Amino acid sequence: MNVEFEKALRYIDNESYEKAIACLNNAIMQEEDENNLSTATEYRCVLGELYFRMGMEAQARDELNEVVRYCDESSTLSRQREIAKTFINAMDGIVPIEATQERPKSDQRPKHIPLVPKPVQDKAFITKQMSKKRR
């Protein structure tokens, strides 16, 4: 993994987004210079997502469209293509199908189960019960 990419991830964790963008751009350029286009595209997907989360839709759309273009041309990185396409659709106002569908009945909580579970018996209670005389 690229050192610049690692730095960018740390900057994202620390919410230093401007520094993260600079490091991601450096990582992409390094990978492209070494002709690792697949890795550069993965980094570009992260950069597009970061731009989207920062509200910079024009830059996000450029990066994510580049990801989709590369994935379509090379028929690789299906996960990155799916991520990029989801963000592009979100910018276009298209809601993912999973978000619009209701949850199946099997995923819903049964009515006979309480919302708040019973408290777990603590050690003092168990010791007290064990010390009672048995009849």
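**View 1. H2 and H3 cross in a left-handed way.** In this predicted model, the two helices pack at an angle of about 160 degrees, and their axes sit 8 Å apart. That angle makes H2 roughly antiparallel to H3. By class, the contact of H2 with H3 has 14 nonpolar, 2 polar and 4 charged residues. On the H2 side, look for Tyr17, Glu18, Ala20, Ile21, Leu24, Asn25, Ala27, Ile28, Glu31 and Glu32. Facing them from H3 are Leu37, Thr39, Ala40, Tyr43, Arg44, Val46, Leu47, Leu50, Tyr51 and Met54.

**View 2. H1 packs against H2 with their axes 8 Å apart.** Here we have residues 3–13 as H1 and residues 17–33 as H2, set at an angle of about 160 degrees. So H1 runs roughly antiparallel to H2. The crossing of H1 past H2 is left-handed. Sorted by class, this contact of H1 with H2 counts 9 nonpolar, 2 polar and 3 charged residues. H1 brings Glu4, Phe5, Lys7, Ala8, Tyr11 and Ile12 to the meeting. H2 answers with Tyr17, Lys19, Ala20, Cys23, Leu24, Asn26, Ala27 and Gln30.

**View 3. Glu4 is a buried residue of helix H1.** How buried is Glu4? Its relative accessible area is 14%, and the cut-off for buried is under 20%, so Glu4 makes the list. Leaving out residues up to four places away in sequence, Glu4 touches Cys23, Asn26, Ala27 and Gln30. Those four also appear among the H2 residues that meet H1, so this close-up zooms in on part of View 2.

**View 4. Leu24, Leu47 and Leu64 touch the most other members of the largest nonpolar core.** That core holds 25 residues. At least two of them come from each of H1, H2, helix H3 (37–54), helix H4 (57–74) and helix H5 (78–92). Leu24 is worth following from view to view: Leu24 is one of the H2 residues meeting H1, and Leu24 is also one of the H2 residues meeting H3.

**View 5. Leu47 touches residues including Ile21, Leu24 and Ile28.** The rest of the set is Asn25 and Glu63, again not counting residues up to four places away in sequence. Leu47 is one of the H3 residues in the contact with H2, and Ile21, Leu24, Asn25 and Ile28 are among the H2 residues there.

**View 6. Thr41 is buried in helix H3.** Its relative accessibility is 5%, and buried means under 20%, so Thr41 counts as buried. Which residues does Thr41 touch, not counting those up to four places away in sequence? They are Val67, Tyr70 and Leu77.

**View 7. Arg69 of helix H4 is partly exposed.** Relative accessibility for Arg69 comes to 37%. Arg69 and Thr41 are 28 residues apart along the chain, and their C-alpha atoms are separated by 9.9 Å. Thr41, by contrast, counts as buried.

**View 8. Zooming back out, the protein has 7 helices and 0 strands.** Read along the sequence, the pattern is α-α-α-α-α-α-α. Of the 135 residues, 24% count as buried. Among contacts with a separation of 6 or more, 43% join residues 24 or more positions apart.

Methods:
Residues are numbered from 1 along each chain as its sequence is written. This is a predicted model: local features need pLDDT of at least 70, side-chain atom pairs count only at pLDDT 80 or more; totals for chains, interfaces and linings use all residues. Side-chain values use heavy atoms; hydrogens and water are left out. Axes are lines fitted to C-alpha atoms, for helices over the stretch in contact, and angles run from 0 to 180 degrees between N-to-C directions. Angles under 35 degrees count as roughly parallel, over 145 as roughly antiparallel, 65 to 115 as roughly perpendicular and the rest as oblique. A crossing is left-handed if the near helix is turned anticlockwise from the far one by less than a right angle, and right-handed if clockwise. Contact means heavy atoms within 4.5 Å. Ala, Val, Leu, Ile, Met, Phe, Trp, Tyr, Cys and Pro count as nonpolar, Asp, Glu, Lys and Arg as charged, and the others, Gly among them, as polar. A nonpolar core is a set of buried Ala, Val, Leu, Ile, Met, Phe, Trp, Tyr and Cys residues joined through side-chain atoms within 4.5 Å. Buried means under 20% relative accessible area, exposed over 50%, partly exposed in between (1.4 Å probe, protein chains only).
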